[in-house]
Amino acid sequence: QLQASGGGLVQAGDSLPLSCVASGRTFSMSVMGWFRQAPGKEREFVASIRGSGGSTYYADSVKGRFTISRDNAKNTVYLQMNSLKPEDTAVYYCAAGSGWGTSIRAYDYWGQGTLVTVSS
């Protein structure tokens, strides 16, 4: 089970941290990812991190602005979002999986989502 939190209303240029707490004993072995879905659009990949935390991958649209990290001792994955833009407005979902990739199909478990709204 995944529980995402941290969403809210911010202005363009602001920063916002998201977190996602996972239950279960296999967290440290799972690839964790963040996806987002804007109104009327398909869910899209944002960032992912391997179980060890040694490898990360970002969508081009967020590269250099967002940072994914994890704390396996706390079963938590984070998404630090900086320099937010109105086009970052979406519901953000955390996901866990055993594969490595940007496809929704690579992830087996999903959180409920947290809404991020960026005003201009």
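**Group meeting: salt bridges, disulfide and core of a predicted model**

Arg-36 has a relative accessibility of 6%, so this residue counts as buried. I begin there, and I should say at once that the structure on the screen is a predicted model.

Which residues pair with this arginine? One partner is Glu-44, where the closest N and O atoms of the salt bridge are 2.7 Å apart. Glu-44 counts as partly exposed, because its relative accessibility is 36%. A salt bridge also joins Arg-36 to Asp-88, with the closest N and O atoms 2.9 Å apart. That second pair connects distant parts of the chain: Arg-36 belongs to strand S4, Asp-88 lies in the loop between S8 and S9, and 52 residues separate them. Both Arg-36 and Asp-88 are buried.

These contacts belong to a network of salt bridges that links Arg-36, Glu-44, Arg-65 and Asp-88. The structure has four salt bridges by the rule applied here. Among them is the one between the side chains of Asp-60 and Lys-63, at 3.1 Å from N to O. Asp-60 has a relative accessible area of 67%, so this residue is exposed.

I turn now to the disulfide. A search of the whole structure returns one, and it joins Cys-20 to Cys-94 with an S to S distance of 2.0 Å. The two cysteines are 74 residues apart and connect distant parts of the chain, Cys-20 in strand S3 (residues 16-22) and Cys-94 in strand S9 (residues 90-97). The link is right-handed, with 55 degrees about the S-S bond. Is Cys-20 buried or exposed? Its relative accessibility is 0%, so Cys-20 counts as buried. Cys-94 is likewise buried, because its relative accessible area is 0%.

Next to Cys-20 in sequence, Ser-19 is also placed in strand S3. With the limit for buried set at under 20%, Ser-19 qualifies because its relative accessible area is 19%. Leaving aside residues up to four places away in sequence, Ser-19 touches Gln-3, Ala-4, Ser-5, Trp-34, Thr-76, Val-77 and Tyr-78.

Finally, the nonpolar core. In soluble globular proteins, nonpolar side chains tend to be buried together. The largest nonpolar core here holds 34 residues, and Trp-34, Leu-79, Met-81 and Tyr-92 touch the most other members. Elements that contribute two or more residues include strand S1 (2-5), S3, strand S4 (31-37), strand S8 (76-81) and S9. Of these, S9 gives the most, with five residues.

Note on methods: Residues are numbered from 1 along each chain as its sequence is written. This is a predicted model: local features need pLDDT of at least 70, side-chain atom pairs count only at pLDDT 80 or more; totals for chains, interfaces and linings use all residues. Side-chain values use heavy atoms; hydrogens and water are left out. A disulfide is a pair of cysteine sulfur atoms within 2.5 Å. Helices (H or I, at least four residues) and strands (E, at least two) are DSSP runs, numbered from the N terminus. Buried means under 20% relative accessible area, exposed over 50%, partly exposed in between (1.4 Å probe, protein chains only). A nonpolar core is a set of buried Ala, Val, Leu, Ile, Met, Phe, Trp, Tyr and Cys residues joined through side-chain atoms within 4.5 Å. Contact means heavy atoms within 4.5 Å.
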